[in-house]
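This report looks at a ligand and its surroundings in a protein model, beginning with polar contacts and moving outward to the pocket and the backbone.

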Amino acid sequence: MYNIENDIEKILVSEAELKAICDDLAAKLTEEYGESGRDLILVCILKGSIMFASEVFKRLRFPCAIEFMKVSSYGAGTNTSGFIQVHLDLKRDVKDADVVILEDIVDSGRTLEKLSHLLANRGAHSVKCCTLLDKPERRQVNFNADYVGKAVPDVFVVGFGLDYDEKYRNLPYVGVLKPSVYQQ
Ligand code: PRP
């Protein structure tokens, strides 16, 4: 059997650390939204956020909903022009609700920068962004997530939802991919 773990150079965020990060982020969300009295809608961005979103969601003990979106952002350079393409949209109205977008990683920052504007324009009471990983060195636009699990260096990360060519999402940790895998 071809074991995808053989393609991992090293583990960057272990299962134990992921658990601690999700505990911490869920506690912060509970502190901010647990007694707000407003609807809270968590928005899981497909596909990379599936594991992270489910881990955070299952730790919350106050009423909240989860919805799913699939988007792509386009645009080059350091300006904020460009657009976001929505491949799969929310099934419910976010008007007057608090929205927390759950992302696996912030890279250039374009996806979350544009998506948070899009949801704010739909009348959400508030829109905040919660990311498992952040690659600040890669930023192309002026965007910072409100909640960050862990900042990581500019290396090729896979696992816990993150892919290379649709593979490695099923690894239970975040690992660094061996360069030989994507350089061949
Ligand atoms: C990745 C990631 C974010 C986005 C971050 O998604 O999940 O959504 O890119 O990049 P940015 O900060 O440069 O905008 P991707 O398009 O690879 O889709 P996937 O989640 O389905 O793998």
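## Ligand, pocket and backbone

In this predicted model, a polar side-chain atom of Glu103 lies 2.5 Å from an oxygen atom of the ligand. Two further contacts to ligand oxygen atoms involve the protein backbone: a polar backbone atom of Gly48 is 2.9 Å from one oxygen atom of the ligand, and a backbone N or O atom of Asp107 lies 2.8 Å from an oxygen atom of the ligand. The table sets these contacts side by side.

| Residue | Protein atom | Distance to a ligand oxygen atom |
|---|---|---|
| Glu103 | polar side-chain atom | 2.5 Å |
| Asp107 | backbone N or O atom | 2.8 Å |
| Gly48 | polar backbone atom | 2.9 Å |

On its own the ligand has 500 Å² of accessible area, of which the protein covers 76%. The ligand sits in the largest pocket, and the elements that give two or more residues to the shell around the ligand are β3 (65-74), β5 (98-106) and α3 (110-121). Of the elements, β5 gives the most to this shell, with four residues.

The ligand is surrounded by 16 residues, and the closest of them are Lys70, Glu103, Asp104, Ser108 and Thr111. Sorted by class, the shell around the ligand holds eight charged residues, five polar residues and three nonpolar residues.

The largest pocket itself has a volume of about 680 Å³. There are 27 residues that line the largest pocket, and those closest to its centre are Asp104, Ile105, Asp107, Thr111 and Asp163. Two or more lining residues come from each of the elements β2 (40-46), β3, β5 and α3. By class, the lining of the largest pocket has 12 charged, nine nonpolar and six polar residues. Asp104 and Thr111 are thus named both among the residues closest to the ligand and among those closest to the centre of the largest pocket.

Two backbone features deserve separate mention. The peptide bond that runs from Leu46 to Lys47 is cis, with omega near 0 degrees, and Lys47 is found in the loop between β2 and α2 (50-57). The other feature concerns Phe160, whose phi is near 50 degrees, a positive value in a residue other than glycine; Phe160 lies in the loop between β8 (157-158) and β9 (174-177).

How values were computed
Residues are numbered from 1 along each chain as its sequence is written. This is a predicted model: local features need pLDDT of at least 70, side-chain atom pairs count only at pLDDT 80 or more; totals for chains, interfaces and linings use all residues. Side-chain values use heavy atoms; hydrogens and water are left out. A residue is near a molecule or strand if one of its heavy atoms lies within 4 Å of it. A polar contact is a pair of N or O atoms within 3.5 Å; within protein, one must be able to donate a hydrogen and the other to accept it, and residues adjacent in sequence count only if both atoms are side-chain atoms. Accessible areas come from the Shrake-Rupley method with a 1.4 Å probe; for residues, only the protein chains shown count as cover. On a 1 Å grid over the protein atoms alone, a cavity is a set of points where a 1.4 Å probe fits but cannot get out, and a pocket is an open set with protein on both sides within 12 Å along at least five of seven lines; lining residues have an atom within 4 Å of a point. A molecule sits in a cavity or pocket if more than half of its atoms lie within 2 Å of its grid points. Ala, Val, Leu, Ile, Met, Phe, Trp, Tyr, Cys and Pro count as nonpolar, Asp, Glu, Lys and Arg as charged, and the others, Gly among them, as polar. Grid points are joined across faces, edges and corners, and a volume is the space filled by probe spheres set on the points.
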